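Biologist: Can you walk me through this one? I have the sequence and the structure open, and I would like to go through them piece by piece.

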Amino acid sequence: MTARSFSGGRFSVTLDGTPTGFIKKVSGGIAKGNVTTHDSGSDNKQTKHLATIEYTDIVLEVGMGMGKGLYEWIRASFDKGHITKSGEIHACDFDYKSMAIRGFRDAHISKVTVPTLDGSDKNAGYLTITLTPEQIDYQKGTGSAIAPSLGTKTKKWLNSNFKFELGGLPCARVAKIDTFTWEQKVISDEVGSFRIPTKHAAKVTVPNLTVYISMADYWDWAEWHRTFVVEGKCTDSDELTGSITFLGP
């Protein structure tokens, strides 16, 4: 009997052998051979040779119902833990059975993008997580069900479900926060004659935030701006600490 094609949009991530839940979308994770060209003397003829191997980043769109393992990996990366993980991405059929596997080894989380948070946006929100792996391989699916209890019945988190706080400033009427990306630069180390370079975490970049406030709260924010920016009272002790909390439905 001819095998049926499997459904797109059904993917599961496993980290170090532990399922972390289903994801909305996956892209990248391609093995590429870099080609070098040599000019061969006076006959105007070029020869080409395969040189190093390059693996493109894996980009995941993940809902807030992702498993604890993925949350902990993100937190460790934010805290400069530089943890690498190996895992698998399973492409599943309609019944969530594994049909194709994309394995990755020693991957860093290099980017985490939070979508635009908007009180008027009732669409489901997803984090965009970029993985930079050291190596990728492709395997045939196992045909077994991939932990259907993880994430399949979780209610969707909406882009409007958030709370913003900053020091003692009035924030209850913050209407919108533009999308922002935390980034950890990952560098390649070409080692001797090895065709596959090793990957290492480097500089961490923390994004700026653009916040939209209500005019009803304008004067409190304007006063903080006047003292902090205009008058220059901007030492470490003058800075404010805040948070963005993602809320359930």
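Modeller: What follows is a short talk through strands, core and salt bridges, and the model is a predicted one.

Biologist: Start with strand β6. Which residues are on its covered face, and which on the uncovered one?

Modeller: β6 covers residues 58-62. Ile58, Leu60 and Val62 make up the covered face, while Val59 and Glu61 are on the uncovered face.

Biologist: Why would the residues switch sides like that?

Modeller: Because in a regular strand the side chains alternate between the two faces of the sheet.

Biologist: Which strands does β6 pair with?

Modeller: Strand β3, residues 25-28, pairs with β6 in the antiparallel sense over four bridges. Strand β10, residues 127-132, also pairs with β6, over five bridges and again antiparallel.

Biologist: What is the bridge partner of Val26 in β6? And of Val59 in β10?

Modeller: Val26 has Leu60 as its bridge partner. For Val59 the partner in β10 is Thr130.

Biologist: OK, the inside now. Which residues touch the most other members of the largest nonpolar core?

Modeller: That core has 36 residues, and Ile58, Leu60, Phe104, Ile109, Ile129 and Leu131 touch the most other members. The elements giving two or more residues to this core include β6, α1 (68-78), β7 (85-92) and β10. β8 gives the most, with five residues.

Biologist: Take Ile129. What is Ile129 in contact with, neighbours within four places in sequence aside?

Modeller: Ile129 is in contact with Ile58, Val59, Leu60 and Val62. Its other contacts are Met66, Leu70, Ile74, Ile109 and Lys111.

Biologist: And Ser110, where is that? Buried or exposed?

Modeller: Ser110 is in strand β8. Its relative accessibility is 6%, so Ser110 counts as buried, the cut-off being under 20%.

Biologist: What does Ser110 touch, again leaving out neighbours within four places in sequence?

Modeller: Asp57, Thr130, Leu131 and Thr132 are among the contacts of Ser110. The others are Trp182, Glu183, Gln184 and Val186.

Biologist: New topic. How many disulfides?

Modeller: The count is zero. As for two of the cysteines, Cys92 is buried at a relative accessible area of 0%, and Cys234 is partly exposed at 39%.

Biologist: How many salt bridges, then?

Modeller: There are eight salt bridges in the structure. Side chains of opposite charge can pair when their charged atoms come close.

Biologist: What is the N to O distance for Arg105 and Glu134?

Modeller: The closest N and O atoms of Arg105 and Glu134 are 3.8 Å apart. This pair links distant parts of the chain, 29 residues apart: Arg105 is in strand β8, and Glu134 is in the loop between β10 and β11 (135-140).

Biologist: Buried or exposed, those two?

Modeller: Arg105 is partly exposed, at 34% relative accessibility. Glu134 is buried, with a relative accessible area of 13%.

Biologist: What about Arg173, which side chain does that one meet in a salt bridge?

Modeller: Arg173 meets Asp217, at 2.6 Å from N to O. Arg173 lies in the loop between β12 and β13 (176-177), and Asp217 in the loop between β16 (211-212) and α2 (218-230), so the pair ties together parts that are 44 residues apart in sequence. Arg173 counts as partly exposed at 47% relative accessibility, whereas Asp217 counts as buried at 4%.

Biologist: And inside helix α2, how are Arg226 and Glu223 placed?

Modeller: Arg226 and Glu223 are three residues apart in α2, which means about one helical turn separates them. They form a salt bridge, with the closest N and O atoms 2.3 Å apart. Arg226 is partly exposed at 32% relative accessibility, and Glu223 is partly exposed at 39% relative accessible area. Salt bridges with shared partners join Glu223, Arg226, Glu231 and Lys233 into one network.

Biologist: Last one: what is the order of strands in the open sheet with β13 in it?

Modeller: The order is β9-β13-β16, three strands with antiparallel pairing. β9 (117-118) and β16 each have a single partner strand and stand at the edges, so one side of each has no neighbour in the sheet.

Biologist: How many bridges join β9 to β13?

Modeller: Two bridges join them. The partner of Leu117 in β13 is Ile177.

Terms used. Residues numbered from 1 in each chain as written. Predicted model: local features only at pLDDT ≥ 70, side-chain atom pairs only at ≥ 80, totals over all residues. Heavy atoms only, no water. Buried < 20%, exposed > 50% of the residue type's maximum accessible area, 1.4 Å probe, protein only. Pairing = 2+ DSSP bridges. Disulfide = S-S within 2.5 Å. Core = buried A, V, L, I, M, F, W, Y, C linked by side-chain atoms within 4.5 Å. Contact = heavy atoms within 4.5 Å. Salt bridge = Lys/Arg side-chain N within 4 Å of Asp/Glu carboxyl O.
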